[in-house]
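Me: Could you take me on a close look at one part of this model, starting from a single loop residue and working outwards to what surrounds it? I'd be glad of the cut-offs as you go.

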Amino acid sequence: MIIQANKSGSRKIEVSEENLMTIQRFALFDLLIDSTGIVDEQVLDKLKLNIRSILTTEQGNCKELLDLCIDVIYNSNMKAIGLSNLMVLYQDWCKEHANG
């Protein structure tokens, strides 16, 4: 699966099903966005800080979380719009897997 990482569509990030399962496993998007519902660079920074915190725990010391960081979250193309698109992809993925 591919998400658009910028407004013009010239930058894209590949997201694997394993990446989506890791987001679900660690509940990375739970309580990430405040009541405004706006995904901006501060939300991306908050996600990165949350992941750093998880990585320091025994549970977070796993290849899947490191892969998610390297391939998606810390990808040089990842910006707020990319995170927003990743969240939409994740929501759609969750809906598909809830029905199947």
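**Asn6 and its surroundings**

Reply: Happy to. Leaving aside residues up to four places away in sequence, Asn6 touches Arg11 and Ile81, where contact means heavy atoms within 4.5 Å. Do keep in mind that this is a predicted model, in which local features need pLDDT of at least 70 and side-chain atom pairs count only at pLDDT 80 or more, while totals for chains, interfaces and linings use all residues. Residues are numbered from 1 along each chain as its sequence is written, and side-chain values use heavy atoms, with hydrogens and water left out.

Asn6 sits in the loop between strand E1 (2–4) and strand E2 (12–14). Helices (H or I, at least four residues) and strands (E, at least two) are DSSP runs numbered from the N terminus. With a relative accessible area of 16%, Asn6 is buried; that word stands for under 20% relative accessible area, exposed for over 50%, and partly exposed for anything in between (1.4 Å probe, protein chains only).

Arg11 leads us on to a second asparagine. The side chain of Asn77 makes a polar contact with the side chain of Arg11, at 2.8 Å. A polar contact here is a pair of N or O atoms within 3.5 Å; within protein, one must be able to donate a hydrogen and the other to accept it, and residues adjacent in sequence count only if both atoms are side-chain atoms. Asn77 lies in the loop between H3 and helix H4 (80–99) and is buried, at 17% relative accessible area. Besides Arg11, Asn77 touches Ala5, Lys12 and Ile13, again not counting residues up to four places away in sequence.

Moving into H4, we come to Leu83. Its relative accessibility is 0%, so Leu83 counts as buried. Outside the four places on either side in sequence, Leu83 touches Phe29, Val39, Val43, Leu44, Leu47 and Met78. Leu83 and Val43 are 40 residues apart in sequence, yet 8.6 Å apart in space, C-alpha to C-alpha.

Val43, Leu44 and Leu47 bring us to H2, where they are among the buried residues, together with Lys48, Ile51 and Ile54. These buried residues cover an arc of only 140° around the axis, which puts them on the same side of H2; the arc is that of the directions from the helix axis to the C-beta atoms. Gln42 and Leu49, on the other side of H2, are exposed. H2 (residues 41–55) has 15 residues and spans 21 Å from its first C-alpha to its last, close to the 21 Å expected at 1.5 Å a residue; that expected span is 1.5 Å times one less than the number of residues. At the start of H2, a side-chain oxygen of Asp40 comes to within 3.1 Å of the backbone nitrogen of Gln42. To tie this back to where we began, Asn6 and Gln42 are 36 residues apart in sequence and 16 Å apart in space, C-alpha to C-alpha.

Stepping back along the chain, the loop between H1 and H2 holds Ala27 and also Leu31. Ala27 follows H1 and has a positive phi, near 50°. It is partly exposed, with a relative accessible area of 32%. Leu31 is not a glycine either, but has a positive phi of about 60°; at 79% relative accessible area, Leu31 is exposed.

That leaves H1 itself (residues 17–25), whose buried residues are Asn19, Leu20, Thr22 and Ile23. They lie on the same side of H1, because they cover an arc of only 155° around the axis. The axes of H1 and helix H3 (residues 63–73) come within 9 Å and cross at roughly 120°; axes are lines fitted to C-alpha atoms, for helices over the stretch in contact, with angles running from 0 to 180 degrees between N-to-C directions. On the H1 side the contact is made by Glu18, Asn19, Thr22, Ile23 and Arg25, and on the H3 side by Glu64, Leu65, Asp67, Leu68 and Val72.
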